[in-house]
Amino acid sequence: MSGFFLALMACLAVLLPGREAVRVAQLAARLGAGAGLFAALALSAIVSSALAAWAGTLLAPSMPGPAKQMLVAFALLLGAAELVWRAAPRAPAEPTRSAGAMLVVLLASQLTDGARLLVLALTIATAEPVTVAAGGALASIVALVAAALAGTHWPAAQRLRPLAWAVAAVLAVFGVVSGMMARALFG
């Protein structure tokens with residue numbers, strides 16, 4: 001069960017100030033927060049988290065213990081870098097108002113975000129693919145549904161920058177400590 005809570009907290013920390021929440025808020029403001037958007041959010045979160053956990057189960061047997069911990073360190077550092085260096089997304093142009101189109105866009109962006117990298121790394125580190133995937137999916141659903149419900153009231157990406165920098169700093173510290181522990185330099 002620890003994998004669930006680790007994934008839940010880490011993914012929430014990356015998603016709430018991240019660009020995916022801003023994109024969903026913009027999409028909801030433009031199209032309205034309807035059932036199609038919520039279904040696309042839930043399905044994309046579940047599928048992307050499940051795929052990341054599945055990839056973790058494929059990689060885990062070939063990795064020794066320190067390599068698993070180093071992967072977690074890299075995932076934390078890349079999650080921090082994503083929060084700091086990725087530009088705010090442009091408002092999406094969704095001419096079709098299609099739930100399928102929203103699903104494709106959301107799934108493509110979630111497959112490559114920091115939260116899914118954390119799900120992959122935590123699956124490898126904890127050997128709990130189902131609970132880690134569930135934690136990552138729940139965090140994604142909570143963060144993105146909150147952004148969709150807020151719509152235009154979701155803080156603009158520029159106002160989220162201080163929070164993103166603070167979360168990035170915490171992730172970076174955990175990443176460096178985890179990397180040092182993997183290299184047996186600390187702890």
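Which residues in α2 are buried? Hi everyone, let's start there, keeping in mind that this is a predicted model. In α2, the buried residues are Glu20, Ala21, Val22, Arg23, Val24, Ala25, Leu27, Ala28 and Leu31. So charged names such as Glu20 and Arg23 sit on that buried list alongside Val22 and Leu27.

How about the length of this helix? Helix α2 covers residues 19-31, and with 13 residues at 1.5 Å a residue we should expect a span of 18 Å. The C-alpha atoms at its ends are indeed 18 Å apart, so expectation and model agree. Just past α2 comes glycine 32, with a positive phi of about 90 degrees.

Now, on to the cores. The largest nonpolar core contains 18 residues, and Leu76, Leu83, Leu118, Ala121, Ile124, Ala168 and Leu171 have the most contacts inside it. At least two residues of this core come from each of α1 (2-15), α4 (65-85), α6 (114-126) and α8 (157-182). The top contributor is α4, with seven residues. If you zoom in on leucine 118, and skip its neighbours within four places in sequence, you'll find it in contact with Ala10, Val14, Ala75 and Leu76. Apart from this core lies another, of 17 residues, including Leu31, Leu37, Ala40 and Met102. You'll remember Leu31 from the buried residues of α2.

One last stop: valine 176, in helix α8. Is valine 176 buried, exposed or partly exposed? Its relative accessibility is 43%, so valine 176 counts as partly exposed. Valine 176 and phenylalanine 74 are 102 residues apart in sequence, yet their C-alpha atoms are 8.6 Å apart in space. Thanks for listening!

Notes. Residues numbered from 1 in each chain as written. Predicted model: local features only at pLDDT ≥ 70, side-chain atom pairs only at ≥ 80, totals over all residues. Heavy atoms only, no water. Core = buried A, V, L, I, M, F, W, Y, C linked by side-chain atoms within 4.5 Å. Buried < 20%, exposed > 50% of the residue type's maximum accessible area, 1.4 Å probe, protein only. Helix = DSSP H or I, 4+ residues; strand = E, 2+ residues; numbered from the N terminus. Contact = heavy atoms within 4.5 Å. Expected span 1.5 Å × (residues − 1).
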